[in-house]
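Me: I am new to this structure and would like a close look at one part of it, a single strand together with the residues that lead into it and out of it. Please go slowly, and begin with whatever term I need in order to follow you.

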Amino acid sequence: MSNNKILSSLFEQVTGQQPAQIATMPSSGSNRLYFRLYPSTGARTMIGVIGTCREENDAFIYLADHFKSKGLPVPEVLAISDDHMAYLQEDLGDTILFNAIEKGRQSRSFSADEKELLIRTIRMLPDIQFLGAVGLDFSHCYPAKEFDKRSIMLYLNFF
């Protein structure tokens with residue numbers, strides 16, 4: 001079954017209608033494929049994700065549900081395919097922090113708005129770190145159950 005058919009089926013489960021349009025989105029350093037699904041009427045847009053690894057998808061879905069239950073600002077997972085290789089999530093818009101502070105990154109002089117955005121973001125990190133860890137079953141994490149020195153070095157070298 002094609003990606004569009006899988007995502008259209010999930011969209012219909014949530015909204016009761018087929019999407020009017022499915023647009024490909026940038027992958028942002030991941031093997032996952034991202035799509036924005038547009039309704040024909042009434043419903044909100046959603047983000048469709050096609051993953052390549054069920055374990056990674058399951059980890060994302062578990063973490064998103066867990067963090068959402070803690071009141072943390074993460075997108076809600078709205079529908080999951082039977083094989084867990086595709087899911088729909090809430091669309092939080094087009095603004096990416098990296099892009100929102102682009103002028104400051106390039107000039108090395110952040111505007112007041114960019115600084116405020118960075119401050120608001122940094123202030124959320126302790127809640128995500130500490131509140132997010134309460135009741136978290138780390139065995140659901142992927143690719144490792146703990147974020148140790150090896151994991152940190154892999155991510156630092158990747159980005």
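Reply: The term to have in hand is burial: a residue is called buried when its relative accessible area is under 20%, exposed when that area is over 50%, and partly exposed in between. The model shown is a predicted one, and that should be kept in mind throughout what follows.

Before turning to the strand itself, it helps to place it in the whole. The protein chain contains 6 helices and 5 strands, and, read along the sequence, these follow one another in the order α-β-β-β-α-β-β-α-α-α-α. The chain has 159 residues, and buried ones make up 28% of them, while the C-alpha atoms occupy a box of roughly 45 × 40 × 30 Å along the principal axes. Among the contacts with a separation of 6 or more, 49% join residues that lie 24 or more positions apart. The accessible surface amounts to about 10,700 Å², with 54% of that area belonging to carbon and sulfur atoms.

The part to look at closely is β5, which runs over residues 86-90, and the way into that strand passes through His84, a residue of the loop between β4 (77-80) and β5. His84 has a positive phi of about 60°, although this residue is not a glycine. Its relative accessibility is 22%, and because that value falls between the limits of 20% and 50%, His84 counts as partly exposed.

The backbone oxygen of His84 leads to a residue elsewhere in the chain, since a polar atom of the side chain of Asn57 lies 2.8 Å from that oxygen. Asn57 has its place in helix α2, which covers residues 54-69, and with a relative accessibility of 0% it counts as buried. Leaving aside residues up to four places away in sequence, Asn57 touches Arg32, Gly51, His84, Met85, Ala86 and Tyr87.

Within the strand, the residue to dwell on is Leu88, which lies in β5. Leu88 is buried, because its relative accessible area is 0% and the limit for burial is 20%. Beyond its neighbours in sequence, Leu88 touches Leu7, Leu10, Phe11 and Val14, as well as Leu37, Met46, Ile47 and Gly48, and it also touches Glu76, Val77, Leu78 and Ala79. Arg54, by contrast, is 34 residues away from Leu88 along the chain, and the C-alpha atoms of these two residues are separated by 15 Å.

In soluble globular proteins, nonpolar side chains tend to be buried together. Here the largest nonpolar core is made up of 10 residues, namely Leu7, Leu10, Phe11, Phe35, Leu37, Met46, Ile50, Ala79, Ala86 and Leu88. At least two residues of this core come from each of α1 (3-15), β2 (33-38), β3 (46-50) and β5, and α1 gives the most, with 3 residues. One member of the core, Phe11, touches Leu88 as well as Leu37 and Met46, and its other partners beyond four places in sequence include Gly16, Pro19, Tyr38 and Arg44. There is also a second, separate core of 7 residues, which includes Tyr34, Val49, Ala64 and Tyr87. Leu88 therefore belongs to the largest core and is buried at 0% relative accessible area.

The way out of the strand passes through Asp91, which is found in the loop between β5 and α3 (97-100). Asp91 has a relative accessible area of 16%, and because this is under 20% the residue is buried. Its side chain makes a polar contact with the side chain of Thr45, at 2.6 Å. Apart from residues up to four places away in sequence, Asp91 touches Arg36, Thr45, Met46 and Ile47, and both Met46 and Ile47 are also touched by Leu88.

For comparison, one may look at another loop, the one between α4 (102-107) and α5 (112-131), where Ser109 is found. Arg108 is located in that loop too, and, although it is not a glycine, it has a positive phi of about 65°. Arg108 counts as exposed, because its relative accessibility of 75% is over 50%, whereas His84, at 22%, counts as partly exposed. Ser109 also counts as exposed, at 51% relative accessibility, and beyond its sequence neighbours it touches Gly104 and Glu114.

Technical notes
Residues are numbered from 1 along each chain as its sequence is written. This is a predicted model: local features need pLDDT of at least 70, side-chain atom pairs count only at pLDDT 80 or more; totals for chains, interfaces and linings use all residues. Side-chain values use heavy atoms; hydrogens and water are left out. Helices (H or I, at least four residues) and strands (E, at least two) are DSSP runs, numbered from the N terminus. Buried means under 20% relative accessible area, exposed over 50%, partly exposed in between (1.4 Å probe, protein chains only). A polar contact is a pair of N or O atoms within 3.5 Å; within protein, one must be able to donate a hydrogen and the other to accept it, and residues adjacent in sequence count only if both atoms are side-chain atoms. Contact means heavy atoms within 4.5 Å. Accessible areas come from the Shrake-Rupley method with a 1.4 Å probe; for residues, only the protein chains shown count as cover. A nonpolar core is a set of buried Ala, Val, Leu, Ile, Met, Phe, Trp, Tyr and Cys residues joined through side-chain atoms within 4.5 Å.
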